[in-house]
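Dear colleague,

Please find below the sequence and structure that I am handing over to you. I would be grateful if you would keep them open while reading the notes underneath.

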Amino acid sequence: MFKISWRRLAPALLAALAGTATGAATDPPVQDTPMTGGEGSVEQFDRNAYSLPQANLSMTKRLDFSVGNSFFRNPWVEAPSSTDARDGLGPLFNTNSCQGCHIKDGRGHPPTIDEPSVSLFLRLSVPADPVGDAELLKTHGFKPAPVYGSQLQTAAISGHKPEADLRLTWESVEQVLPDGTRVALERPVYHIDNANYGPLPQDLLVSPRVAPPMIGLGLIAAIPEETILARADAEDNDGDGLSGRANRVWDKAAGKTVLGRFGWKAGEPSVLQQSMGAFSGDMGLTSTLVAATDCTPEQGCDGFPDGGTPEVSDKIARFIDFYARSLAVPMRRNMENPEVQQGGRLFNGIGCAGCHTPRQVTGTVVDRPDLSQQTIWPYTDLLLHDMGPGLADNRREFEADGTEWRTPPLWGLGLAQTVNPRAGFLHDGRARTPEEAILWHGGEAQNAADQYRSLAQDKRDALLQFLESL
């Protein structure tokens, strides 16, 4: 059991830990404080570790957090209903609550072969004409599938039919490391069965997405745009083999193209737009920002009662947005462990930190001193990187191509399967462990992954212990 109160550790001890970890080298930095999420970090490491408000959130704002939590956690229902603040679910949807996908505010997981998919869904699209579909690509990022729209919705309210069933099977992929160690990986294969609205397009493109963790979103939003863009190197002019670039996406509220930083391909510009997009696509609920659901005219959703216009009121949307931007990041653990310190040095030394940027500093957020001017350790550059054919979805999203994914934050990684024991890693949850996730890395990350493979077993264990400490 973890018993050390990091808040009470003497500064001298923290400095000693930092010195042991970093040696003379400071670029990229090795984390020298347990306060991963800045002053708002929380010291809780059980199943509720992802569900706490920023530790430095004022008491007057904690009531807003609790109200937002209630709308995030509780299920929405069919209209009409006496629960008129939470009605209008569907008619087509994937789940009936935010927590249905973001289990305990954490990661989702792929379904077993005998259960419906809830916290993993498929984005749908077809190839677009760069000229004829230019306006659609500018504002939507891709061309939705005819009839079935942007997302496969595998559930429906009574009297309506879901779009189809999603079923997964798995292919075994074995990797043999240079020291002879054999690691059994699994590659998911997606099957769309029982399509209820006619044949699926022959040229259908699908992109699986598992629900990501919710922690630290407000801090990520507070990283200045110029800080993110300063690390972009689309042409790899520095010759380090990494060519991170920013996604440019449509901001519905501003009515213009801006930097994307949320979602697996950085396809959303803000927490609010990401959240209202999920209400629309995942639960079939309209809002002022996203006024239509993913139900197409051919699917006849207009014949069913709705929950008002919009179904998610602006007031509820603000509570949801506040809640999502206020979920705290757990502190680092076990930083005094020599193996963890060695793992941190290896993480930087073999190149992981080239994309998983350890440290960021937030800017100033109006009315949110808890998020402002915070030194944080998210382990992401928020840029797009080519991850190779093994992880490719072969599908564009705004400027992200079919092999590119946004570097996901690693903070809280070691608690992912404490929060949700079935949590998977990578965009589709295929990796059952952080090591499997490393071994799936290709493209720009191939060199770092190969260096990991070449490490002796004890050093691989040290690096994994470092990840477990995050």
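The notes below describe what was found in this structure, which is a predicted model.

Overall form

The chain contains 13 helices and twelve strands. A compact globule of 470 residues would have a radius of gyration near 23 Å, and the 22 Å of this chain agrees with that. The C-alpha trace spans about 65 × 55 × 45 Å along its principal axes. Of the 470 residues, 54% are buried. Among contacts between residues at least 6 apart in sequence, 69% join residues at least 24 apart.

The nonpolar core and helix H8

The largest nonpolar core comprises 97 residues, and those with the most contacts inside it are Trp76, Phe279, Val312, Phe347 and Leu467. The element that gives the most to this core is H8, with six residues. Helix H8 covers residues 314-326, and its 13 residues reach 18 Å from the first C-alpha to the last, close to the 18 Å expected. Buried residues in H8 include Ile316, Ala317, Phe319, Ile320 and Phe322, and Asp321 is also buried there. The helices against which the buried residues of H8 pack are H2 (59-73), H5 (217-221) and H7 (271-283). Leaving aside residues up to four places away in sequence, Val312 touches Trp76, Met276, Phe279, Leu285, Thr286, Ser287, Thr288 and Ala317.

Strand S2

Strand S2 (residues 120-125) has five of its six residues buried, so it is largely enclosed by the rest of the structure. Its pairing with strand S6 (residues 205-210) is antiparallel and runs over six bridges. Within this pair, Phe121 stands opposite Arg209 of S6.

Cysteines

As a bench biochemist you may wish to know how many disulfides a search of the whole structure finds. There is one disulfide, formed by Cys295 and Cys301 with their sulfur atoms 1.8 Å apart. The torsion about their S-S bond is about 85 degrees, so the disulfide is right-handed. Cys295 and Cys301 are both buried.

Why is Cys98 not bonded to Cys101? Cys101 holds the closest cysteine sulfur, but it lies 8.4 Å from the sulfur of Cys98, which is too far for a bond. Cys98 has 12% relative accessibility and therefore counts as buried. Cys355 is likewise in no disulfide, the nearest cysteine sulfur being that of Cys352, 9.2 Å away. Cys355 also counts as buried, because its relative accessibility is 12%.

Backbone points to inspect

Two cis peptide bonds may be examined in the display. One runs from Ala79 to Pro80, with omega near -5 degrees, and the other from Gly90 to Pro91, with omega near 10 degrees. Pro80 is found in the loop between H2 and strand S1 (92-93), and Pro91 lies in the loop between H2 and S1 as well.

Positive phi values occur at two residues that are not glycine: Asp105, near 65 degrees, and Val147, at about 70 degrees. Asp105 is in the loop between helix H3 (98-101) and S2, whereas Val147 is in the loop between helix H4 (134-140) and strand S3 (155-156). Are these residues buried or partly exposed? Asp105 has 0% relative accessibility and so counts as buried, while Val147, at 21%, counts as partly exposed. The cut-off that separates them is 20% relative accessible area, under which a residue is buried.

With kind regards

Key
Residues are numbered from 1 along each chain as its sequence is written. This is a predicted model: local features need pLDDT of at least 70, side-chain atom pairs count only at pLDDT 80 or more; totals for chains, interfaces and linings use all residues. Side-chain values use heavy atoms; hydrogens and water are left out. Helices (H or I, at least four residues) and strands (E, at least two) are DSSP runs, numbered from the N terminus. The expected span of a helix is 1.5 Å times one less than its number of residues. Buried means under 20% relative accessible area, exposed over 50%, partly exposed in between (1.4 Å probe, protein chains only). Contact means heavy atoms within 4.5 Å. Two strands pair if DSSP finds at least two bridges between them. A disulfide is a pair of cysteine sulfur atoms within 2.5 Å. A nonpolar core is a set of buried Ala, Val, Leu, Ile, Met, Phe, Trp, Tyr and Cys residues joined through side-chain atoms within 4.5 Å. The radius of gyration is taken over C-alpha atoms; the globule rule is 2.2 Å times the number of residues to the power 0.38.
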